[in-house]
Amino acid sequence: MTKRLSLITPSGRLTLGNLLGALRPMRCIEPVEMAATADSSAFYGLSDLHALTLPHEPSVLRTRTEEMALLLMASGLEPATLFIQSHVPAHRSLGYLLECVAHTGELGRMIQFKEKSRRVGASVRASLFTYPVLMAADILLYGATEVPVGDDQRQHVELARDIAIRFNTTYGRVFSVPQAVHPAAGARIMDLADPTRKMSKSAGDEHPGSIFLLDDPDAVRRKVARAVTDSAGDVSRDEERPGVTNLIDILEACGGSAAGLSGYGALKAAVTDAVVAELEPIQKRYRELAADRTYVTQVYAAGAERCRDATAPVLAAAEAAIGLA
Ligand code: AMP
């Protein structure tokens, strides 16, 4: 049976990149299969522990987590088991066991660690170095066979595979070996203001290069209108012209087509319409859910309960295999 696990870190506001690279592919499993049952096949959630790896403000983390919890539901993931990572203590417990299997050399090679630690400067948190191991624990605890993620997570899922294989070989088979799955379109949406960088939710709430899921149509229009292009004027993909290529990627990932469009004005108008149409039903559902927070709390509480049940035997098996029980 296909089992899926994917988490998103509440470290900023969700972007169009998150939607196209992760949330939509997460939805691409039959709702019946996704359905939240005792042996549910889709576990999706918010990795709030990962948000502690960079300097953070506790009250902002709380607000972000709340907003994202609603957005996961509003994006159509409600049939899955939805949960918040810190509400399932097994993640931390298995994380430590896997730190005893992972090697510092392989963690030092993680691209995201290198990039983020460079950005932070002097006081890099130890957790930034070890969080890929916690991510491996997130995945392996659920016996996930597939991890729907954007392109940037490829290396982390590869590490989870290596750790699973090493643990199984050393201590006996406990874990399924997962595989990353990436969407055919939208696996790497780039920043509109700097199309050489990926669109990131941590670039700041006012960043003009990020389209946020809760941006109104005017904000989307303004950001797309200001998107960096070039002077060639030709609507076609070209490595040398990342801005236009990114706009075409966004258009196609949102179900549109660039065929027959002439000029960047027409391309930007088509991108705006496609993105606004993609976001509109999500925003409508978000507003409904925001008016019924008790229901949202219940969904996540029930999700965490199911996760605690699903993960307990895997953690127990790992503890027994490694010699703790
Ligand atoms: P993060 O924003 O790093 O917490 O990532 C959450 C999920 O969204 C992961 O599966 C990422 O791979 C995916 N993601 C983040 N940014 C992008 C982007 N610009 N394009 C496509 N997928 C993305």
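Biologist: Let's start with Ala219: which helix does Ala219 lie in, and is Ala219 buried or exposed?

Modeller: This is a predicted model, so keep that in mind throughout. Ala219 lies in helix H9. Its relative accessibility is 10%, and buried means under 20%, so Ala219 counts as buried.

Biologist: How far apart are the C-alpha atoms of Ala219 and Leu52?

Modeller: Along the chain, Ala219 and Leu52 are 167 residues apart. In space, the separation of their C-alpha atoms is 30 Å.

Biologist: Moving on past H9, where is Glu240, and is Glu240 buried or exposed?

Modeller: Glu240 sits in the loop between helix H9 (217-225) and H10. The relative accessible area of Glu240 is 69%, and the cut-off for exposed is over 50%. That makes Glu240 exposed.

Biologist: How far is Glu240 from Asp230 in space, C-alpha to C-alpha?

Modeller: In sequence, Glu240 and Asp230 are 10 residues apart. From C-alpha to C-alpha, the distance between Glu240 and Asp230 is 9.8 Å.

Biologist: Now for Gly243 in H10: which residues does Gly243 touch, leaving out those up to four places away in sequence?

Modeller: Gly243 is found in helix H10, residues 242-253. It has 7% relative accessibility, so Gly243 counts as buried. With residues up to four places away in sequence set aside, Gly243 touches Pro195 and Val228.

Biologist: And how far apart in space are Gly243 and Arg166?

Modeller: The two are 77 residues apart in sequence. C-alpha to C-alpha, Gly243 and Arg166 are separated by 42 Å.

Biologist: Let's go to H7. Where does H7 bend?

Modeller: Helix H7 covers residues 126-140, and its 15 residues should span 21 Å at 1.5 Å a residue. The end C-alpha atoms are 22 Å apart, which agrees. There is still a bend of about 35 degrees in H7, and it comes at Pro132.

Biologist: How many of the 15 residues of H7 are buried?

Modeller: The buried residues of H7 include Leu128, Tyr131 and the bend residue Pro132. Further along, Asp138, Ile139 and Leu140 are among them too. H7 is largely enclosed by the rest of the structure, because the number of buried residues is 11 of the 15.

Biologist: On to H12: which residue in H12 has the kink?

Modeller: H12 has 30 residues and reaches 42 Å from its first C-alpha to its last, close to the 44 Å expected. A kink of about 35 degrees comes shortly before the proline Pro313. Thr311 is one of the buried residues of H12, and the kink lies at Thr311.

Biologist: Which residue follows H12, and what is its phi?

Modeller: The residue after H12 is Gly323. The phi of Gly323 is positive, near 105 degrees.

Biologist: How do H3 and H12 lie relative to each other, roughly parallel or roughly perpendicular?

Modeller: The axes of H3 (residues 58-77) and H12 (residues 293-322) come within 11 Å and cross at roughly 80 degrees. Angles from 65 to 115 degrees count as roughly perpendicular. H3 and H12 are therefore roughly perpendicular.

Biologist: How many residues of the contact of H3 with H12 are nonpolar?

Modeller: On the H3 side, the contact includes Glu66, Met68 and Leu72, and on the H12 side it includes Arg293, Val296 and Tyr300. Of the residues in the contact, 2 are charged and no residue is polar, while the nonpolar ones number 9.

Biologist: Last one: which residues does Arg285 touch, not counting residues up to four places away in sequence?

Modeller: Arg285 lies in helix H11 (residues 264-290), and with a relative accessible area of 28% Arg285 is partly exposed. Ala74 is 211 residues away in sequence yet 5.1 Å away in space, C-alpha to C-alpha. The residues that Arg285 touches are Ala74, Glu78 and Tyr295.

Methods. Residues numbered from 1 in each chain as written. Predicted model: local features only at pLDDT ≥ 70, side-chain atom pairs only at ≥ 80, totals over all residues. Heavy atoms only, no water. Axes fitted to C-alpha atoms, helices over the stretch in contact; angles between N-to-C directions. Helix = DSSP H or I, 4+ residues; strand = E, 2+ residues; numbered from the N terminus. Parallel < 35°, antiparallel > 145°, perpendicular 65-115°, else oblique. Contact = heavy atoms within 4.5 Å. Nonpolar A, V, L, I, M, F, W, Y, C, P; charged D, E, K, R; others polar. Expected span 1.5 Å × (residues − 1). Bend = angle between axes of the 7 residues up to and from the residue. Buried < 20%, exposed > 50% of the residue type's maximum accessible area, 1.4 Å probe, protein only.
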